[in-house]
Amino acid sequence: MNNYIINNKANYDLAYAESTENPVKFWDDIASKNFVWEKKWSSVVNWNFDKAKIKWFENSKLNITFNCIDRHVKENPDKIAILFEPNNVNEKEKSYTYSELLTEVCKMANVLKSLGIKKGDRVCIYLPMIPELAFSVLACARIGAIHSVVFAGFSSEALATRINDCDSTLTITSDGSFRGPKTLNLKCIVDDALLKCNDKQKVLVVNRTQEEINIDKNRDFLLDDIISSVEDYCNPVLMDAEDPLFILYTSGSTGKPKGMVHSTAGYMVYTSYTFKNIFQYKENDVYWCTADIGWITGHSYILYGPLCNGATTLMFEGVPSYPDYSRFWKIVDKYKVSQFYTAPTAIRALAKQGVNFVKDNDLSSLRILGTVGEPINEEAWNWYNENIGKSKCPIVDTWWQTETGGILISSIPGVIPDKATFATKPFLGIQPLLLDDNGDEIKENNKVGKLCIKFPWPSIARTIWGNHERYINTYFSAFKGKYFTGDGAFRDENGNYRITGRVDDVIIVSGHNLGTAPIEDAINEHENIAESAIVGFPHDIKGNALYGFITLKGMSLGNKKIKSEINELISKKIGPIAKLDKVQLTSGLPKTRSGKIMRRILRKIASKEFNSLGDISTLLNPEVVDEIINNSL
Ligand code: WTA
């Protein structure tokens, strides 16, 4: 059976059974029939979760860009691969056919080579959502360099941390970026970051905003100066299945960000296969995912997944509110978008503006809607369904993580029905289970447990760059022999999964993962601050927002002043996305007798659940709880 396309329930049931009972045969079949391999694998999967050793399609040889571009150039050279919608409405859109994409990627690859980049080198990409971002990512993959894309909203310090962690030697950036009505000078941020890096650094600058920039002649290169003189073809470098394709940083609950490492072959097979099925992509569809390529969603479902399937994928440089809140819907009509994939936080922000911004748009091209990044509340789901999908488009609520590389739990249009607020069923090959705190499996319905996965899938991350121990400890130690997701979930009577949210110290704000520890570290650098604890609280649009409980070193400072100083520090150390919404000064933080801050209590207070604080008698300083409640915001 060629089970690449699942298009009815019977088909899914059969394929799911095979994918879990005989995963080797299942994935062997998918991989052999749907991709181009230079050499076939010697084994489909080899794994040991205790050591976090996972290998798929071992000893095979391939290049992912050959699968994403060259093979489509042979079959359909003039099909549009990438559509680009600029931030500014008066600027003309651009499009690249598969054949043009090949040339652009090859030229960029040759530019990288001319700067000395070779297989295995790390290249940091710090760019706005412009076509050169896609070309840069794919150019790295073409020559086997490992890309590390850093979202261009991160601060210079956050960028420096990421450059240093993976020891990248080239940063690709632009003079500036357009974001809504604003222009940001990105090159300036890179200059600042590189002050904290070694002297092996080079910078490649894409011209986007015609911004004034400083040029360090020994270090900085203008793309325009080099690209005109390079060849327009570049041979794809043969990669081993397990050669790293990229590093992407995600927040951890402690310390510095984790550089999740993804492999070449497994990542390709899984992202491509999930894209095809979950979005039911058909030949003339125009697919649009609104994420930024700085996040995993953009990697897997703007670039690699769609391109591997020969799809037309749309990249949007701007924001949903510019020039006004109808921008998304105007774009849907302009390009006749068939699949629209976005985040719950965007839906809530748009819903808040009312239907006036929606109603003058046709939207009849839409066939499938999607969400990702955080649990979607029922109200937002209904608004999306009624106003955007006109109650006729299935909504795929796709649950997954930077670490998983691709979607693990989701409905499938026409195959697995959607259900508001439920991610629904595991994708083929995915074996989820819910565990209680003792590690016992929860078999009952409607009981929340910790979501784990018991068998590897091809696109699971292989390690944390430079720190395999941390990889084992974070994901494979909580429950022996299982991958622990860090999320809570329950199952309804029909086996549909609903994700309830993080069960660790990661808070998802507007769909962005933020660890509390790095934010607290940033705040604690303030000279007047003794201690801080950050927790999340429910927020209408962002899903969660950040609440900081702060104790000062003796002196008194105005609340407003301290809040703005804290947020300035956070913007500098991490980026504006991690700013606090609420700051409460307190004389102390609730602590256990061993001195650990009891964030559980602070979470309840921040969420105004004053009656469910639980037992506080074991605290070292129970008296502080009343004070915190009385002054809570
Ligand atoms: C959350 C994003 C509920 C979850 C692809 C996960 C979701 C974290 C959903 C990963 C969803 C993602 N429903 N929660 N459909 N999708 N999450 O690494 O807590 O940025 O662990 O990957 O987002 O975020 P990340």
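The exchange below goes through the cavities and the ligand site of a predicted model.

Biologist: What makes the space lined by V149, V150, F151, F154, R162, L248, Y249, G294 and W295 a cavity?

Modeller: Those residues line the largest cavity, where about 50 Å³ of space lies, and the term cavity applies because a 1.4 Å probe fits at its points but cannot get out.

Biologist: Which classes make up the lining of the largest cavity?

Modeller: Seven of its lining residues are nonpolar, one is polar and one is charged; R162 is part of that lining, and the charged class takes in Arg, so R162 counts as charged.

Biologist: Why does the lining of the second largest cavity, with G144 and T264 in it, have two polar residues?

Modeller: Gly is placed among the polar residues, as are those outside the nonpolar and charged lists, so G144 and T264 both count as polar, and the remainder of the tally is seven nonpolar and no charged residues.

Biologist: How do you know that N513 makes a polar contact with the ligand?

Modeller: An N or O atom in the side chain of N513 is 3.2 Å from an oxygen atom of the ligand, and the cut-off for such a pair is 3.5 Å, so the pair qualifies.

Biologist: What do the backbones of E374 and P375 add?

Modeller: A backbone N or O atom of E374 lies 3.4 Å from a nitrogen atom of the ligand, and a polar backbone atom of P375 is likewise 3.4 Å from a ligand nitrogen; both values are within 3.5 Å, so both pairs count as polar contacts.

How values were computed. Residues are numbered from 1 along each chain as its sequence is written. This is a predicted model: local features need pLDDT of at least 70, side-chain atom pairs count only at pLDDT 80 or more; totals for chains, interfaces and linings use all residues. Side-chain values use heavy atoms; hydrogens and water are left out. On a 1 Å grid over the protein atoms alone, a cavity is a set of points where a 1.4 Å probe fits but cannot get out, and a pocket is an open set with protein on both sides within 12 Å along at least five of seven lines; lining residues have an atom within 4 Å of a point. Grid points are joined across faces, edges and corners, and a volume is the space filled by probe spheres set on the points. A polar contact is a pair of N or O atoms within 3.5 Å; within protein, one must be able to donate a hydrogen and the other to accept it, and residues adjacent in sequence count only if both atoms are side-chain atoms.
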